[in-house]
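Work through the following exercises with the sequence and the model side by side. Try each task on your own before reading its solution.

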Amino acid sequence: MNEESLAKLRQRNLDSAGEWKRYAEHRRHCTRLILDAAPVKPTRLCLLGAGNCNDVELTALAKKFAEIHLVDFDKEAVTKGLKRQFSGLQGKIMIHAPVDLDAEDAISQLSAIGKFDVVASLCVLSQIIDAIPEQQKNKEEGLPLIHQIRTRHFDLLTSLAGPQGSVVIANEAVSSDTEPSVATCEAPMLGPTLVQLALEQKLFMGLNPAVIAGELQALAPGHTLKTTPPWKWDFGARTYAVCGHSLNRQA
Ligand SMILES: C[S@@+](CC[C@H](N)C(=O)[O-])C[C@H]1O[C@@H](n2cnc3c(N)ncnc32)[C@H](O)[C@@H]1O
C-alpha cells in the first residue's frame with residue numbers, strides 16, 4: 001500500500017472513531033450477519049478490516065465464539081476500538097496488525113493464525129478498490145484490476161475459512177452522494193432502487209451485490225449463499241446502501 005492510501009485509511013478511521021452511536025443500525029445488521037453464519041458450535045471468528053470495531057457488537061460475538069481475531073492495517077484503530085467497546089474478555093480477542101489485506105502474500109502472512117468457522121469482511125473491499133490510483137480507474141484498465149482485487153480478496157476469505165468455514169461479506173453498493181434517494185427512501189424501496197441503479201451502471205465500481213453474489217456462489221457451487229436485502233448505513237456525511245452475503249460451506 002502506498003503512503004497516500006495509508007494516510008487516507010488512517011484519517012478515515014480517526015474521523016469515524018467516535019461514531020458508535022450513529023452506526024447502531026449498521027452494527028445490528030453486521031453482527032446479525034455474522035451470528036447467523038455461525039455453525040452450531042462455533043469456535044473461531046476472523047474479522048477482516050476490523051478498524052474501529054464500530055460495526056460489530058463484540059460482546060455478542062464473544063458469547064458465541066471462543067476466539068475472535070481482528071485483522072486490519074491500522075493497529076491503532078483496532079486497539080482503541082477494542083478498548084472502547086470491550087472489557088473483561090480480552091483473552092478471547094487477538095489483533096493482527098498491520099496486515100495489508102490486498103498484499104500478494106496476504107494469505108501466507110496470515111497462514112499462521114489458522115482456519116476459522118466464520119471469516120467476515122465488513123466494508124473493506126470498497127477501501128481496497130478505492131486505493132487504486134485514479135488514472136487506473138477508467139473502465140478499460142479499472143475493471144480487470146478490480147476483478148483481480150475481488151478474486152484475491154475472496155481467495156483470502158476462503159483460505160482463512162478452510163474447507164468448511166463460512167464466509168461473510170458486506171459492502172457498500174452506492175451512497176447518497178451520487179444517489180440522494182438512498183438517504184431519503186423508505187427501507188423497502190432500497191432494494192428496487194439498487195436494481196435500477198445497477199441497470200444504469202451507477203453502483204460503486206466492482207461492488208454490484210449481484211456480481212459479488214455470483215462470484216461467491218461460484219466458489220462453492222451447491223452450498224448455500226444468502227444475500228440480505230440492502231440496509232442503510234448512516235455515515236453522517238452520507239448514507240450508504242449496504243448488502244451482506246453469507247456463504248455456508250459446511251458439508
Ligand atoms: C470502512 S472500515 C470498516 C468499518 C470498521 N470495521 C469500523 O467499524 O469502523 C474499513 C477498514 O478496512 C481497513 N483497510 C482498508 N484497506 C485495507 C488493507 N488493504 N489492508 C488492511 N486493512 C485495510 C481500514 O483500516 C478500515 O479499518
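The exercises below go from the whole chain to single residues and then to pairs of side chains.

This is a predicted model, in which local features need pLDDT of at least 70 and side-chain atom pairs count only at pLDDT 80 or more, while totals for chains, interfaces and linings use all residues. Residues are numbered from 1 along each chain as its sequence is written, and side-chain values use heavy atoms, with hydrogens and water left out.

**Exercise 1. The whole chain**

Task: Describe the protein chain by its helices and strands, its radius of gyration and its buried residues.

Solution: Begin with the helices and strands, which are DSSP runs (H or I of at least four residues for a helix, E of at least two for a strand) numbered from the N terminus; the protein chain has 10 helices and 8 strands. Next, take the radius of gyration, computed over C-alpha atoms and compared with a globule rule of 2.2 Å times the number of residues to the power 0.38. For 251 residues a compact globule would have a value near 18 Å, and the 17 Å of the protein chain agrees with this. The C-alpha atoms fill a box of roughly 45 × 40 × 40 Å along the principal axes. Finally, apply the accessibility classes, in which buried means under 20% relative accessible area, exposed over 50% and partly exposed in between (1.4 Å probe, protein chains only): of the 251 residues, 51% count as buried.

**Exercise 2. Unusual backbone geometry**

Task: Find where the cis peptide bond from Ala-97 to Pro-98 lies, and compare the surroundings of Cys-53 and Gln-201, which each have a positive phi.

Solution: Start from the general rule that most residues other than glycine have a negative phi, and that most peptide bonds are trans. The bond from Ala-97 to Pro-98 is cis, with omega near 0°, and Pro-98 sits in the loop between strand E3 (93-96) and helix H5 (106-109). Turning to phi, Cys-53 has a positive value of about 60° although it is not a glycine, and its place is the loop between strand E1 (44-48) and helix H3 (58-64). Gln-201, also not a glycine, has a positive phi of about 55°, and belongs to the loop between helix H9 (187-199) and helix H10 (209-219). As for accessibility, Cys-53 is buried at 0%, whereas Gln-201 is exposed at 60%.

**Exercise 3. Salt bridges across the sequence**

Task: For the salt bridges Asp-234 with Arg-22, Glu-57 with Arg-27 and Asp-177 with Arg-238, state which parts of the chain are linked.

Solution: Recall that side chains of opposite charge can pair when their charged atoms come close. A salt bridge here is a side-chain nitrogen of Lys or Arg within 4 Å of a carboxyl oxygen of Asp or Glu, and a search of the whole structure finds 16 of them.

1. Asp-234 and Arg-22 meet at 3.6 Å, N to O. Because Asp-234 lies in strand E7 (residues 231-234) and Arg-22 in the loop between helix H1 (3-16) and helix H2 (24-37), the pair ties together parts that are 212 residues apart in sequence. Asp-234 is partly exposed at 34%, and Arg-22 is partly exposed at 37%.
2. Glu-57 pairs with Arg-27, their closest N and O atoms being 3.7 Å apart. This pair links distant parts of the chain, with Glu-57 in the loop between E1 and H3 and Arg-27 in helix H2, 30 residues apart. Glu-57 is partly exposed at 32%, but Arg-27 is buried at 6%.
3. Asp-177 and Arg-238 meet at 2.7 Å, N to O. Asp-177 lies in the loop between strand E5 (166-175) and helix H8 (181-184) and Arg-238 in the loop between E7 and strand E8 (239-248), so parts 61 residues apart in sequence are tied together. Arg-238 is partly exposed, with 22% relative accessibility.

**Exercise 4. A residue and its contacts**

Task: Which residues does Val-119 touch, not counting residues up to four places away in sequence?

Solution: First locate Val-119, which is found in strand E4 (residues 118-122) and is buried at 0% relative accessibility. Then search for contacts, meaning heavy atoms within 4.5 Å: Val-119 touches Cys-46, Leu-48, Leu-157, Leu-160, Ala-161, Ser-166, Val-167 and Val-168, once residues up to four places away in sequence are not counted. Finally, set this beside Pro-180, which is 61 residues from Val-119 in sequence and 32 Å from it in space, C-alpha to C-alpha.
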